[in-house]
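Me: Please take a close look at one part of this model, the strand pairing and the salt bridges around it. I would like one connected account.

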Amino acid sequence: MNISEVKDLMAQFDQSSLREFSFKTGESELTFSKNEYTAPVAPVAEAAPVSATGEVAAAQAPQAAAPAEAEVAANTDIFAEGEEVPSPLVGVAYLAPAPDKPAFVSVGDAVKKGQTLLIIEAMKVMNEIPAPKDGIVTEVMVNNDDVVEFGQGLVRIK
């Protein structure tokens, strides 16, 4: 696969409503994502990974990525305060009731048990995620339009 074919695929992906796209052949593999999180990429023989921005990245050894991830996780735990509210389902997170409306909650807001923290859309159904307890929002762990997984942290409440 040459660079012009990769650029064409990227342009088509960018204009589509898809959030993720993977393409594999016997000699190469491409993965595009509009989500914030990017998984570590294992090098494929004779193919350099291509980022969603079109830059060809140098192959990195998987051992080099592991310590960096552990360091980020350790630093995140130092600053995190409060109880994590996990996602009860897989879907798309929306922090506001509509694009032109303010967010349900933001860092520093006082919340009451049962108050809506955000909405997760799954199979065209909007699911309100309630606060499990009274408290103060110390961290919003997802961005608007993020695809969230089951059990992934959404918000921290202290």
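Reply: Strand β4 (residues 91-94) and strand β6 (residues 116-122) run antiparallel and are joined by 3 bridges. In this pairing, A93 of β4 stands opposite I120 in β6. The model is a predicted one, and the values below are computed from it.

The β4 and β6 pair belongs to an open sheet of 4 strands, ordered β7-β6-β4-β9 and paired antiparallel. Its edge strands are β7 (125-130) and β9 (147-148), each of which pairs on one side only.

Turning to the charged side chains, the model holds 4 salt bridges, where a Lys or Arg side-chain nitrogen must lie within 4 Å of an Asp or Glu carboxyl oxygen. One of them is formed by K133 and E83, with the closest N and O atoms 3.5 Å apart. K133 sits in the loop between β7 and β8 (135-140), while E83 is in strand β3 (residues 83-86), so this contact ties together parts that are 50 residues apart in sequence. Both partners are partly exposed: K133 has a relative accessible area of 28%, and E83 has 39% relative accessibility.

Another salt bridge also involves strand β3. Here R156 meets E84, and the closest N and O atoms are 3.3 Å apart. R156 is in strand β10 (residues 153-157) and E84 in strand β3, so the pair links parts of the chain 72 residues apart, each strand being a DSSP run. The two ends differ in exposure class: R156 is buried, at 11% relative accessibility, because buried means under 20%. E84, at 30% relative accessibility, counts as partly exposed.

R156 has a further partner, E139, and their side chains meet in a salt bridge of 3.0 Å, N to O. This contact runs from R156 in strand β10 to E139 in strand β8, 17 residues apart. E139 is partly exposed, with a relative accessible area of 25%. Salt bridges with shared partners therefore join E84, E139 and R156 into one network, given that a salt bridge here is a side-chain nitrogen to carboxyl oxygen contact.

Taken by element, strand β3 carries E83, which pairs with K133 of the loop between β7 and β8, and E84, which pairs with R156 of strand β10. R156 in turn reaches E139 of strand β8.

Conventions:
Residues numbered from 1 in each chain as written. Predicted model: local features only at pLDDT ≥ 70, side-chain atom pairs only at ≥ 80, totals over all residues. Heavy atoms only, no water. Pairing = 2+ DSSP bridges. Helix = DSSP H or I, 4+ residues; strand = E, 2+ residues; numbered from the N terminus. Buried < 20%, exposed > 50% of the residue type's maximum accessible area, 1.4 Å probe, protein only.
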